[in-house]
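Reader: I'd like a close look at a single part of this protein: please pick one spot in the packing and work outward from there. I'm at home at the bench, so please spell out your cut-offs as you go.

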Amino acid sequence: DVPTDVDLALSEELAARFGLRRAIVVRSGGAVGSGREDASTPLHAVGVAAARFLAERLEPDEVVGVSWGASVGHVVDAIEGTRASAVVQLVGGVRPTPLGARSSDRPSRSGRDIVQALSDRLGALAVPLDSPLLLASAETAELLRLDPSVSDTIRRFVDVTTAVVGIGSWTPPSSSLVDLVTPQERATLVRDGAVADVCGIVLDADGGGVRGTLEGRTIGIDV
């Protein structure tokens with residue numbers, strides 16, 4: 001059965017348009033036929049739908065990779081009724097970060113906070129990535145990748161079977177990475193085609209990587 005908060009026709013249209021195996025579009029007004037106006041935010045509704053999708057498909061022996069941010073936080077808080085083997089942090093983020101206007105009523109959370117919360121809900125081993133997301137230089141980032149506290153987690157990336165990640169927007173800006181770069185860096189990357197980022201990887205409208213001054217300075221999974 002299709003949940004009443006999911007727009008099946010639009011979901012199928014979106015999947016066909018971009019060649020996706022599956023897409024889920026949530027109705028912004030909440031559950032149809034609920035008899036009441038949904039008080040949750042759209043971001044919360046998306047998180048609930050994503051958590052429901054994960055709970056239906058995760059197996060107990062899976063290794064879940066996770067980024068962090070407002071949207072991922074909503075998924076983590078909503079998931080229940082399933083288990084996994086381990087939760088691996090896919091991108092650096094040790095400093096608690098405000099989650100923005102879309103989640104202004106929620107506390108700041110770091111990547112480690114997200115990993116621990118999800119592992120608690122899944123009864124899984126937590127594997128945090130004890131590193132900032134963005135370093136001052138590629139040389140500093142490379143040295144940090146050699147530290148066992150970071151390299152041990154990076155080696156677990158290949159074990160990940162399911163990933164839960166957020167997509168940051170660059171125009172308009174709604175991204176933890178955008179908040180860390182200088183205005184000049186952001187302007188240059190946008191000029192070069194940056195529209196989004198995933199796990200610290202800056203992307204253009206076709207999904208290709210945008211090279212620039214951030215290259216080599218982020219700590220996280222690569223593509």
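Author: Happy to! Let's start at V87, which touches V64, V66, V115, L118, S119, L122, A124, L125, A126 and V127, leaving aside residues up to four places away in sequence. Contact here means heavy atoms within 4.5 Å. Before going on, please keep in mind that this is a predicted model, in which local features need pLDDT of at least 70 and side-chain atom pairs count only at pLDDT 80 or more, while totals for chains, interfaces and linings use all residues. Residues are numbered from 1 along each chain as its sequence is written, and side-chain values use heavy atoms, with hydrogens and water left out.

V87 belongs to a wider picture. The largest nonpolar core has 43 residues, and V87 is listed with V64, V66, L118, L122, W170 and L214 as those with the most contacts inside it. Which elements each supply at least two residues of this core? They are helix 2 (42–57), strand 1 (63–66), helix 3 (70–78), strand 2 (86–89), helix 4 (111–122) and helix 7 (176–180). Helix 4 gives the largest share, five residues. A nonpolar core is a set of buried Ala, Val, Leu, Ile, Met, Phe, Trp, Tyr and Cys residues joined through side-chain atoms within 4.5 Å. Buried means under 20% relative accessible area, exposed over 50%, and partly exposed in between (1.4 Å probe, protein chains only). Helices (H or I, at least four residues) and strands (E, at least two) are DSSP runs, numbered from the N terminus.

Now to helix 3, one of those contributors. Its buried residues are A70, V72, G73, H74, V75 and V76, and these pack against helix 2, strand 1, helix 4 and strand 4 (162–164). On the helix 2 side, L43, H44, G47, V48, A50, A51 and L54 meet A70, S71, H74, V75 and A78 of helix 3. The axes of the two helices come within 7 Å and cross at roughly 55 degrees, so helix 2 is oblique to helix 3. Axes are lines fitted to C-alpha atoms, for helices over the stretch in contact, with angles from 0 to 180 degrees between N-to-C directions; under 35 degrees is roughly parallel, over 145 roughly antiparallel, 65 to 115 roughly perpendicular, and the rest oblique.

Helix 4 also has a polar link. R112 forms a salt bridge with D130, the closest N and O atoms being 2.8 Å apart. This pair links distant parts of the chain, 18 residues apart: R112 sits in helix 4, and D130 in the loop between strand 3 (125–127) and helix 5 (138–145). R112 is partly exposed at 38% relative accessible area, and D130 is partly exposed at 31%. A salt bridge is a side-chain nitrogen of Lys or Arg within 4 Å of a carboxyl oxygen of Asp or Glu, and the count by this rule comes to eleven.

S131 lies in the loop between strand 3 and helix 5 as well. Is S131 buried or exposed? S131 counts as buried because its relative accessible area is 1%. Leaving out residues up to four places away in sequence, S131 touches G92, G93, V94, L144, V150 and I219.
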